[in-house]
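The exercises below are meant to be worked through with the sequence and the coordinates side by side. Try each task before reading its solution.

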Amino acid sequence: MKKLISITLSFLISGIIFAENQNLSAQMKSSYESGFYPGVVRYAEQILRSEKDSILAFRAAVYEGESLFKMGRTKDARSVLEKYKMEADNLNPETIQLNSARFYWLGRCFFEQKDFSKAQSSFFSSASVFQEFKKISPKMAQNSSDYYSFALLYGGKSYFEQADYKNAIPLFEYVISNGTKFASDDYKDCALSLALSYNFIGDAKNAKKCVNLVSSLEKASFDSETKKSLLIQKGEAYKKLGQNKEADEAFKLAGDGSRAAETSTLLAINAFNEKNYKSSSAYFDEAASSANLEQRKIAAVYRAEIAYITASDKNSGANGALDILLGCLKSEKITKPEDSLDETVILSIARYNAYLKNWKECENYATKCQKSENPEIQRNSVYWIALSKYECGEISKAVSVIETYKKKHKLEDKSILNLYAKALAKQGKYHEADTIFYSLGEKNQLDNDGRLDYSRTLLIAGHYISTKEQASKATGDEALYLSALASFNQRRWKEAENSFAKVLNSKTLGKDYVAYAQFYSGYAQYQSGDYEKSVAGLNRFISENPLHAFVWSAYMTVARASAFLKNDSQAVPAAKKAISTAKNDSEKQEAILLTAGILSDSRRFDEALSLLSPYILQRTEFGYECKYKSAEIFVLQGKMAEADKYFAELASSNDKKAALIAEESSYRRAEIAYSEKNYVKSAGLFEEYIKKFAGGRFNFAAIYFAADSLAKTGDEIRAIMRYEEITDSTAETSYRYGTEKNLVELYEKTGDYAAALSMANKMIATYGSQAVNDGMDKKAKELQKLASGKVVSNDEKIKTAEKRLAQNKKEPSKSEGNMSDALFLAGAYRNRGENKKSAEMYLDAAKYSRQAGNDENAARAFYGAVESFDAAGLYADSKATFTELKKLYPESKYTKDGEKIAGGL
């Protein structure tokens with residue numbers, strides 16, 4: 001029996017997780033609607049840890065992806081949205097709408113990462129799916145975010161970024177024609193992008209379209225800069241049409257001649273982004289005569305980059321870039337940065353000096369921008385200053401620069417993080433460096449120099465963070481070790497064992513490497529089940545490295561491996577050495593429990609109890625664990641009274657530190673009574689568990705064995721009621737089959753042949769050959785005969801109940817019959833998917849139950865209404881019904897179950 005209970009624990013937990021995830025989903029929606037995106041991510045991740053391919057998981061993934069994107073975590077958002085997809089057989093209006101949203105936010109991720117081709121594909125998929133959604137559920141689509149329009153807007157932007165203006169134009173034209181669907185900033189940006197697209201194509205037809213577009217937008221509520229930019233585009237369009245007079249008028253309306261320079265500057269930047277450096281330089285030349293100061297600074301930065309990019313010799317290119325930028329400083333008389341453009345010029349000078357390894361010059365110029373109000377410029381200045389100091393051997397100063405910046409800013413830039421980790425490693429601050437290396441390694445952002453520094457932090461700090469990809473890119477004698485460690489971290493134990501064997505044969509690695517390799521090798525052997533080799537290798541490690549940080553772990557592993565080998569003479573001493581070598585209370589407590597377990601397994605019960613005895617009165621988690629372990633030892637000794645006393649004390653504890661053990665102890669008392677065939681006692685103890693730990697880890701198991709205990713004591717009616725709690729539940733549980741099988745027997749025994757036949761047929765339909773092999777088909781035939789042809793269809797039952805309820809609903813004297821009919825009809829409607837109708841009938845059932853004085857059924861009916869309203873998407877009604885349930889029956893188990901559904905709404 002104990003083995004059966006143990007086997008079913010995992011299935012019980014999955015049922016609990018299902019109910020918890022409904023509540024998490026409600027909390028996730030609430031966070032989403034309030035705009036609290038970190039909360040959305042937290043709840044979504046909790047759901048996704050237990051859900052795989054369900055609709056609930058898909059909804060959580062889409063919500064999390066959108067929220068991560070809005071939090072600026074584009075890469076993480078993309079990862080989530082690419083991972084979770086909805087299969088075709090799970091499609092319904094909600095999942096189709098979610099799929100449209102998924103494609104849209106995935107497109108936004110690609111767009112943000114400048115992968116415009118993939119962005120286009122995602123946006124067009126979003127638009128296509130949304131059109132399908134509108135056909136299937138137009139009313140639902142009307143109240144949904146218009147991903148069709150949003151996708152077309154960003155589809156146009158994606159084409160524009162790729163200079164595919166021909167395809168961008170019709171999408172931008174859709175936005176302009178449907179302006180009320182878009183935010184004013186999107187509409188404004190789209191108008192300017194459309195005008196530019198017309199002009200970039202450059203033919204007369206599109207030039208006319210540009211003129212007409214700008215003319216149509218004269219009364220639009222745009223800011224002055226946008227209006228001026230549109231007028232410039234109008235002027236450019238007139239120029240392409242040869243209408244110079246109209247062009248001049250447009251430019252004058254825009255302000256002055258410098259607006260023409262603004263257009264040329266925009267065209268130059270666009271050409272640069274297209275890698276058309278010759279055209280870019282030509283446009284900058286065209287703008288030069290009327291360019292203002294800002295435009296001249298922009299030109300200097302781009303011209304410098306063009307000089308560097310196009311140079312065959314990069315040192316020559318960097319010198320050429322410096323000449324352009326230093327010339328700008330001189331001609332514009334810039335001595336210190338006055339704005340972000342000045343800072344961009346100066347920081348570019350720092351960067352090109354770094355390319356030339358002029359570290360002092362790099363630091364001098366970067367320092368001028370260190371207090372910039374522009375976050376990106378300030379961040380980059382910190383990097384160049386710190387790098388200059390690092391390269392000059394001033395490691396402490398490099399760390400200080402970064403840490404001063406870190407006090408006010410979150411470190412996320414991979415270049416700064418990589419430099420910071422390397423500098424910390426050079427200082428010997430391995431623990432601090434390891435944290436950064438871990439993050440970079442997970443994202444594959446470590447450079448080659450960093451990998452070796454990282455390996456040293458792993459050895460000294462005792463962390464196992466590496467991957468085979470990193471190891472394969474490392475050079476030097478440590479590459480083999482890194483590969484072995486990567487296998488270890490991947491839990492490929494046999495592969496790790498073989499790799500560490502090669503490491504141990506190496507003649508070039510230092511003592512520290514060999515010591516760690518000895519431990520890892522022994523532990524890998526333990527995990528792969530080669531216990532004799534593990535014990536021998538780890539004992540050698542302990543003897544050669546008695547003060548090593550992993551000695552305690554080695555003793556613990558030797559003890560466990562020896563226990564598997566049934567070698568108590570070695571297991572017990574190793575476990576006791578683990579107690580004496582523990583570095584803290586946590587390690588000592590773990591070692592004590594292990595030692596007690598090994599002593600108990602070798603039937604040295606008194607020694608085990610003596611070891612645990614000093615701690616059983618402690619009101620700590622460890623103390624409660626010791627008392628629980630002692631109770632289990634009493635069971636093995638056959639001392640059931642002593643075991644029950646300890647279990648009872650633990651079960652009655654209200655200390656939060658004993659919560660899990662109290663629940664398990666309560667269940668174990670009932671389980672032991674059941675195993676001793678004391679069914680009267682076990683029934684009472686299972687009922688006690690159900691009442692105290694409603695919805696607990698062993699809830700379905702307790703209900704099942706409570707019912708079985710009641711049946712074995714002859715209380716068939718109460719047994720049936722308990723079993724029906726399982727069949728009425730929609731949660732997954734491994735006890736459902738056994739429950740239905742037992743109900744067939746109990747229904748037959750109590751003369752309810754119709755119910756027995758219905759349940760037998762249901763089992764055959766649900767479980768197929770399993771039920772047939774259990775003789776359920778033969779049982780169904782017997783029950784058919786017993787029912788003597790009186791079995792009626794479910795539809796007929798529904799019609800009969802509806803007719804009877806309609807006749808009697810106003811007669812208080814028939815409230816019990818009305819209660820039964822209403823409960824039956826509510827369940828029937830729910831099974832047919834008529835959720836709203838089911839909820840309303842459950843409310844009637846609650847009314848009749850209260851009239852009949854049956855509080856248990858009244859609470860059950862209220863719960864049914866809460867669950868059905870929720871299934872119908874009527875969350876406000878679900879919440880209101882739950883509020884009434886909680887008010888009338890605050891201690892009912894149905895109230896606790898209802899809170900999981902409506903408590904978070």
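**Exercise 1.** Is Ala163 buried, partly exposed or exposed?

*Solution.* Bear in mind from the start that this is a predicted model. Step one is to place the residue: Ala163 sits in the loop that connects helix H8 (147-161) to helix H9 (165-177). Step two is to take its relative accessible area, which is 25%. Step three is to apply the cut-offs: buried means under 20% and exposed means over 50%, so Ala163, at 25%, is partly exposed. As for its backbone, the phi of Ala163 is near 65°, a positive value in a residue other than glycine.

**Exercise 2.** Locate Lys357 and decide whether this residue is buried or exposed.

*Solution.* Begin with the position, since Lys357 is found in the loop between helix H18 (340-355) and helix H19 (359-367). Its phi is near 65°, which is positive although the residue is not glycine. Finally, the relative accessible area of Lys357 is 62%, so the residue is exposed.

**Exercise 3.** Which residues touch the most other members of the largest nonpolar core?

*Solution.* The largest nonpolar core has 78 residues, and within that set Met28 and Leu217 touch the most other members. The element that gives the most to this core is helix H5 (residues 93-112), with 10 residues. Turning to Leu217, and leaving aside its neighbours within four places in sequence, one finds contacts with Tyr187, Ala191, Phe222 and Leu230. Apart from this core lies another, of 63 residues, whose members include Ala515, Ala574, Ala608 and Leu612.

Note on methods: Residues numbered from 1 in each chain as written. Predicted model: local features only at pLDDT ≥ 70, side-chain atom pairs only at ≥ 80, totals over all residues. Heavy atoms only, no water. Core = buried A, V, L, I, M, F, W, Y, C linked by side-chain atoms within 4.5 Å. Buried < 20%, exposed > 50% of the residue type's maximum accessible area, 1.4 Å probe, protein only. Helix = DSSP H or I, 4+ residues; strand = E, 2+ residues; numbered from the N terminus. Contact = heavy atoms within 4.5 Å.
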